[in-house]
Amino acid sequence: MSISIGVLLVDDERDFVEMLGLRLEEEGHRVATAFSGEAALGALEESHEITDVVVLDLKMPGLDGVETLKAIKERWPLLEVILLTGHGTIDSAVAGLKSGAFDYLLKPADFGELLEKLDQARRLKWEQEERMRLAEAKLMGRRSGGLL
Ligand SMILES: [Mg+2]
């Protein structure tokens, strides 16, 4: 059985977002959608705690993918971001990777490949959260140890 991943899908192509969202839900994932970078940041204000991975289109009017990615990583560094890019925007995908994106997929993305990358990204996020929990527990232990 696969693990349910909290996914935020962000793309200005609504039909694409809705169809992909349905397919991911059929796989047991929890899906939220946004149709612009601005809307994605707004959605994350509410839902970052239940989101694991953001799937982010690079080419959008308004705040573009790279700008949105930077804003996401600045506010919620543990959220993983997978970029969606066309052949014309591979340079943006490279810029995105340098700004902390987990990986990118070329559009039209292969669904199986997306599922695989979502799971890899989810795993990385959970491992980082676990390391932080352990470090915090150690810190607490040391503090209480110091009081004895
Ligand atoms: Mg687009």
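What follows is a short chat about the sheet and helices of a predicted model.

Student: What order do the strands take in the sheet?

Tutor: The model is predicted. Its 5 strands form an open sheet, ordered β2-β1-β3-β4-β5, with parallel pairing.

Student: Which strands stand at the edges?

Tutor: β2 and β5 (103-106) do. Each has a single partner strand, so one side of each has no neighbour in the sheet. From one strand to the next, the twist averages 20 degrees.

Student: And β1, how many of its residues are buried?

Tutor: 4 of the 5, so β1 is largely enclosed by the rest of the structure.

Student: How many bridges join β1 to β2?

Tutor: There are 5, and the two strands run parallel. One pair to look at is Leu9 with its bridge partner Thr33 in β2.

Student: What does the chain pass through between those two strands?

Tutor: It goes from β1 through α1 to β2, a β-α-β crossover that is right-handed.

Student: What about β1 and β3?

Tutor: They pair over 4 bridges, in the parallel sense. Val10 stands opposite Leu56 in β3.

Student: Now the far end. How many bridges join β4 to β5?

Tutor: Strand β4 (residues 80-85) is joined to β5 by 4 bridges, and the two run parallel. Leu83 is opposite Tyr104 of β5.

Student: Which strands does α1 touch?

Tutor: Helix α1 (residues 14-26) packs on the sheet and touches β1 and β2. The direction of α1 makes about 170 degrees with that of β2.

Student: Where does α4 lie?

Tutor: Helix α4 (residues 90-98) lies across β4 and β5, and runs at about 170 degrees to β4.

Student: Switching to α2. Which residues there are buried?

Tutor: In α2 (residues 37-47), Gly37, Ala40 and Leu44 are buried. They cover an arc of only 50 degrees around the axis, which puts them on the same side of α2.

Student: Why do residues three or four places apart point the same way in an α-helix?

Tutor: Because an α-helix has 3.6 residues a turn.

Student: Then what covers the buried residues of α2?

Tutor: The cover includes three strands of the sheet, β1 (6-10), β2 (30-34) and β3 (53-57), as well as helix α3 (65-75).

Student: And the other side of α2, which residues are exposed there?

Tutor: Gly42, Glu45 and Glu46 are exposed on that side.

Conventions. Residues are numbered from 1 along each chain as its sequence is written. This is a predicted model: local features need pLDDT of at least 70, side-chain atom pairs count only at pLDDT 80 or more; totals for chains, interfaces and linings use all residues. A residue is buried if 20 or more other C-beta atoms lie within 10 Å of its own, exposed if 12 or fewer, and partly exposed in between; C-beta atoms are placed from the backbone. The arc is that of the directions from the helix axis to the C-beta atoms. Two residues are in contact if their C-beta atoms, placed from the backbone, lie within 7 Å. Two strands pair if DSSP finds at least two bridges between them. Axes are lines fitted to C-alpha atoms, for helices over the stretch in contact, and angles run from 0 to 180 degrees between N-to-C directions. A crossover is right-handed if, with the strands pointing away from the viewer, the path from the first strand over the helix to the second runs clockwise.
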